[in-house]
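Please open the structure in a viewer and keep the selection tool at hand. The tour below proceeds stop by stop.

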Amino acid sequence: MKQTFTDISLVVLSVLYLFEVDYRALTVLNWVGFVIVLVVLVPVIIRAARFITNRVDGFQQWKQKRLDRKKAK
C-alpha cells in the first residue's frame with residue numbers, strides 16, 4: 001500500500017511540474033527536471049504494466065481452472 005501511495009504521489013508531482021514549466025523559455029534546470037521526471041515515470045509505468053499483466057494472467061488462469069472444474073463434473 002505504501003508503494004502505491006508513493007507511486008501516485010510521484011506521478012502527481014511530475015505532472016504538476018510539467019504544468020508549471022514555462023516552455024517558451026527553457027533553461028538547463030528545466031531539462032534536468034525533465035530527466036528527473038523521466039527517471040521517475042518510467043519505472044512507475046513499467047511497474048503498473050507488470051501489475052496489470054499479472055492481474056490479467058491471474059484472472060485468465062482462475063477462469064480456466066473454473067472451466068476445467070465444470071467440465072470435470
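Begin by selecting Phe5, Ile8, Val12, Leu13, Val15, Leu16 and Phe19, and display their surface. In this predicted model, these residues make a nonpolar surface patch of about 740 Å². Within the selection, turn to Phe5, which has its place in helix 1. Is Phe5 buried or exposed? Its relative accessibility is 54%, so Phe5 counts as exposed, the cut-off being over 50%.

Next, remain in helix 1, which covers residues 2-20, and select Asp7. In contrast to the exposed Phe5, Asp7 is buried, with a relative accessible area of 13%. This value falls under the 20% limit, and therefore Asp7 is classed as buried.

Which residues are in contact with Asp7, once its neighbours within four places in sequence are left aside? Add Val44 and Arg47 to the selection, for these are the residues in question.

Now hide Val44 and show the side chains of Asp7 and Arg47. They meet in a salt bridge, with 2.9 Å from N to O. Side chains of opposite charge can pair when their charged atoms come close. How many salt bridges does the structure hold? It holds one. Asp7 belongs to helix 1 and Arg47 to helix 2 (residues 28-72), so this pair ties together parts that are 40 residues apart in sequence. The two partners may also be compared by accessibility: Asp7 counts as buried at 13%, whereas Arg47 counts as partly exposed at 37%.

The final stop concerns aromatic rings. A search of the whole structure finds four aromatic pairs. One of them is formed by Tyr23 and Phe34; please select both and view their rings from the side. A pair of aromatic rings is described by the distance of the centres and the angle of the planes. For Tyr23 and Phe34, the centres are 6.1 Å apart and the planes differ by 5°. Why is this pair described as stacked? The angle of 5° is under the 30 degrees that serve as the limit for stacking, and the pair is therefore stacked.

Tyr23 lies in the loop between helix 1 and helix 2, while Phe34 lies in helix 2, so the pair ties together parts that are 11 residues apart in sequence. Tyr23 is partly exposed, at a relative accessible area of 47%, but Phe34 counts as buried, at 14%.

To conclude, extend the selection to Tyr17 and Trp31. Ring pairs link these two residues with Tyr23 and Phe34 into a cluster.

How values were computed
Residues are numbered from 1 along each chain as its sequence is written. This is a predicted model: local features need pLDDT of at least 70, side-chain atom pairs count only at pLDDT 80 or more; totals for chains, interfaces and linings use all residues. Side-chain values use heavy atoms; hydrogens and water are left out. Helices (H or I, at least four residues) and strands (E, at least two) are DSSP runs, numbered from the N terminus. Buried means under 20% relative accessible area, exposed over 50%, partly exposed in between (1.4 Å probe, protein chains only). Contact means heavy atoms within 4.5 Å. Patches are made of residues with over 30% relative accessible area and no salt bridge: like charges are joined within 9 Å, nonpolar side chains (Val, Leu, Ile, Met, Phe, Trp, Tyr) within 5 Å. Accessible areas come from the Shrake-Rupley method with a 1.4 Å probe; for residues, only the protein chains shown count as cover. A salt bridge is a side-chain nitrogen of Lys or Arg within 4 Å of a carboxyl oxygen of Asp or Glu. Rings of Phe, Tyr and Trp (its six-membered ring) pair if their centres lie within 6.5 Å; planes under 30 degrees apart count as stacked, over 60 as edge-to-face and the rest as tilted.
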